[in-house]
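Here are a few exercises to work through with the structure open beside you. Take them one at a time, and try each before reading its solution.

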Amino acid sequence: MDLQVNAITKVLKDISQMSNIYGAALFSNHGILITSHLPNSIDKRQFCAMCATMAGAALTAGISIGNHNVEQLTVRFDEHYLLCEICTEEILLVIVIDKHEEMNMSILTPFISEIKKLSNNI
């Protein structure tokens, strides 16, 4: 498990080094931080707990309309986007993207795929 977490931490660091990425984190569906590469100005534990709450609310809303699977959640703020990806039933990924820079989201696809693959072994 430690090897997978270390590998994911490296991928999060690689994502965060992109010019339009503010940071990224991996956490449980209960909001427990697994690993992150977020700025020190963010309370990582609180941030992950709130992202897990948002994902849980989206799942509940989906169930009430007959859709049982949430794949991705996107939230737009004044200056950032939150992209929350469901990696497994128990593990979520959030990427904070600078809204003011143009971003081709497909650039993130290989990173997200790698994290999902590694998350299956946690």
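The exercises below use a predicted model and cover its cysteines, two helices and a pocket.

**Exercise 1.** Work out how many disulfides the model has.

*Solution.*
- Start with the cut-off: a disulfide needs two cysteine sulfur atoms within 2.5 Å.
- Next, take C51 and look for the closest cysteine sulfur, which is in C84, 5.9 Å away.
- That is too far for a bond, so C51 is not paired with C84.
- Checking from the other end, the sulfur of C84 has C51 as its closest cysteine partner, again at 5.9 Å and too far for a bond.
- The count is therefore zero disulfides.
- While you are there, look at the surroundings: C51 is buried, with a relative accessible area of 1%, and C84 is buried too, at 2%.

**Exercise 2.** Find which residues of helix α1 are buried and where they sit around the axis.

*Solution.*
- Locate the helix: α1 covers residues 2–16, 15 residues in total.
- Check its length: from first C-alpha to last it reaches 21 Å, close to the 21 Å expected at 1.5 Å a residue.
- Pick out residues under 20% relative accessible area; in α1 these are Q4, V5, I8, V11, L12, I15 and S16.
- They cover an arc of only 135° around the axis, which puts them on the same side of α1.
- Now turn to the face pointing away from that buried side, where D2, L3, N6 and K10 are exposed.

**Exercise 3.** Repeat the analysis for helix α2: which residues are buried, and which are exposed on the other side?

*Solution.*
- Begin with the span: the 21 residues of α2 should cover 30 Å at 1.5 Å a residue, and the end C-alpha atoms are indeed 30 Å apart.
- The buried set is F47, C48, C51, A52, A55, A58 and G62.
- Viewed down the axis of α2, these buried residues fall within an arc of 130°, so they line one face of the helix.
- On the other side, R45, Q46, T53, T60 and S64 are exposed.

**Exercise 4.** Describe the largest pocket: what lines it, and which helix gives the most to the lining?

*Solution.*
- First, its volume: the largest pocket holds about 280 Å³ of space.
- Then list the lining: N29, A52, A55, G56, L59, H68, N69, V70, I86, T88, E89 and L92.
- Sort these by character to get six nonpolar, five polar and one charged.
- Finally, compare contributions: helix α2, residues 44–64, gives the most, with four residues.

Note on methods:
Residues are numbered from 1 along each chain as its sequence is written. This is a predicted model: local features need pLDDT of at least 70, side-chain atom pairs count only at pLDDT 80 or more; totals for chains, interfaces and linings use all residues. Side-chain values use heavy atoms; hydrogens and water are left out. On a 1 Å grid over the protein atoms alone, a cavity is a set of points where a 1.4 Å probe fits but cannot get out, and a pocket is an open set with protein on both sides within 12 Å along at least five of seven lines; lining residues have an atom within 4 Å of a point. Grid points are joined across faces, edges and corners, and a volume is the space filled by probe spheres set on the points. Helices (H or I, at least four residues) and strands (E, at least two) are DSSP runs, numbered from the N terminus. Ala, Val, Leu, Ile, Met, Phe, Trp, Tyr, Cys and Pro count as nonpolar, Asp, Glu, Lys and Arg as charged, and the others, Gly among them, as polar. Buried means under 20% relative accessible area, exposed over 50%, partly exposed in between (1.4 Å probe, protein chains only). The expected span of a helix is 1.5 Å times one less than its number of residues. The arc is that of the directions from the helix axis to the C-beta atoms.
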